[in-house]
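Welcome, and take a moment to look over the sequence and the 3D view below. We will walk through them together, one region at a time.

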Amino acid sequence: MKTLLTTCLAVLVNVGLLGSAVVADDSEAGRPSIGLALGSGGAGGLAHIAMLRVFDDLGVEPEVIAGTSIGAVIGVLYAAGLSADEVYDIFDDFGGSNVDALSRLMSPNAELGLTDLLRIGFGSGGVIDAGGFIDFIKSKVEARSFEDLTIPLKVVTTDYWTGEMVVLDSGDLFEAIEASMAVPGLFAPVKRDDALLIDGGTSNPLPYDILTADCDIVIAVDVSGSRKHNNGNLPPITEMLFSTFEIMQQSIITSRRLNGDADIYIKPDTHDIRLLHFNRIETILEQAQPAAEELRDALRARLGLDA
């Protein structure tokens, strides 16, 4: 609609019916389109909220969002029209709710009963059925399909049989989200046609490359986290398992960046955050704040916005 309006105004200017100042006043018309890639990283992906707050503060909206795993979860909430603060409120509630048995599973001194694990189903290909979490997120938005979203969204998942990336951008929204966050061995995979879909982080944990053809500026937010040396003490087995998945994702991101980087690459320094530590949202956002300021400065420079 904006493009059509701008074209009509330009025609009127050319035939002398309107002054050029009318077109000049439409500042949005000349603004470059922005693609926003929200990466995979478990609970560390709550750092995405700090980045979305920058967009809200500057009054800038991405043209399209691509998300993997937690990036897809937060991406769907933002693409459905929620503000960054509203997304924060959802995860703040989640961190103190009964649904947050997942966080307690990762606690060093966890006292987690089987009934806390929602629906157990080893036969389904995962330890935990993500249905409770999906229902919780689903209850926060009206959108049920990709077509219902305010901002176009691309959800990245992986076909278990071929190992190839699968990008979903139409049809059932929450089936796509469930597939994108299906961490192997933890959450059950999702069957879709002939594919068996698992966590998108196994093929493309930071999907900025699927936006480059359609956007002027591509921003990639890497929330794959980091580890700090603990003076020779062995990490707990659960931390070793999930940190190994984290290392794998970091290797994939490094390799992909060698073949072409995002225009703006942001990596929050989130550390000591385990895969399911959703109850540590305040710590995560505090750690992410310097990266959010880096994004703010980069956007202002790229878009010519006043400080």
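Two strands are said to pair if DSSP finds at least two bridges between them. Keep that in mind as we go, and remember too that this is a predicted model.

Let us begin with strand 9, which covers residues 217-221. On one side, strand 1 (residues 34-38) pairs with strand 9 in the parallel sense over five bridges. One place to find this pairing is Gly35, whose bridge partner in strand 9 is Val218. Strand 9 also pairs with strand 10 (residues 264-266), again in the parallel sense, over three bridges. Here Ile219 stands opposite Ile264 of strand 10.

How many residues of strand 9 are buried? Five of its five residues are, so the strand is mostly covered. In a regular strand the side chains alternate between the two faces of the sheet. In strand 9, Ile217, Ile219 and Val221 point one way, while Val218 and Ala220 point the other way, and all are buried.

Next, turn to helix 4, residues 70-79. Because 10 of its 10 residues are buried, this helix is largely enclosed by the rest of the structure. Among the buried residues are Ile70, Val73, Leu77 and Tyr78. The loop between strand 2 (64-68) and helix 4 holds Ser69. Ser69 has a positive phi, near 55°, although the residue is not a glycine. Ser69 counts as buried because its relative accessible area is 7%, and the cut-off for buried is under 20%. Just after helix 4, Gly81 takes a positive phi of about 110°.

Another residue other than glycine with a positive phi is Asp193, at about 55°. You will find Asp193 in the loop between strand 7 and strand 8 (195-199). Is Asp193 buried or exposed? Its relative accessibility is 77%, so Asp193 counts as exposed. In the loop between strand 6 (185-187) and strand 7 (190-192) sits Pro189, which is partly exposed at 25% relative accessibility. Pro189 and Asp129 are 60 residues apart in sequence, while their C-alpha atoms are 9.5 Å apart in space.

Now for the charges. Side chains of opposite charge can pair when their charged atoms come close. A search of the whole structure finds eight salt bridges. In one of them, Asp85 meets Arg53, with the closest N and O atoms 2.9 Å apart. Asp85 belongs to helix 5 and Arg53 to helix 3 (residues 47-58), so the pair ties together parts that are 32 residues apart in sequence. Another salt bridge joins the side chains of Glu175 and Arg192 at 3.0 Å, N to O. This pair links helix 8 (residues 173-180), home of Glu175, with strand 7, home of Arg192, across 17 residues. Asp209 and Arg256 form a salt bridge too, their closest N and O atoms being 2.9 Å apart. Asp209 lies in the loop between strand 8 and strand 9, and Arg256 in helix 9 (residues 237-258), 47 residues apart. Salt bridges that share partners also join Asp57, Glu293 and Arg296 into one network.

Finally, look at the surface for a negative patch, whose members include Asp56, Glu86 and Glu282. Which helix supplies the largest share of the patch? That is helix 5, with four residues. Helix 5 (84-94) and helix 10 (281-303) each supply at least two residues. Asp93, a patch member, lies in helix 5 and is partly exposed at 43% relative accessibility.

Key: Residues numbered from 1 in each chain as written. Predicted model: local features only at pLDDT ≥ 70, side-chain atom pairs only at ≥ 80, totals over all residues. Heavy atoms only, no water. Buried < 20%, exposed > 50% of the residue type's maximum accessible area, 1.4 Å probe, protein only. Patch = residues over 30% accessible without salt bridge, like charges linked within 9 Å, V, L, I, M, F, W, Y side chains within 5 Å. Areas by Shrake-Rupley, 256 points an atom, 1.4 Å probe, with all protein chains shown as cover. Salt bridge = Lys/Arg side-chain N within 4 Å of Asp/Glu carboxyl O. Lys, Arg positive; Asp, Glu negative; His and termini not counted. Charge placed at Lys NZ, Arg CZ, Asp CG, Glu CD.
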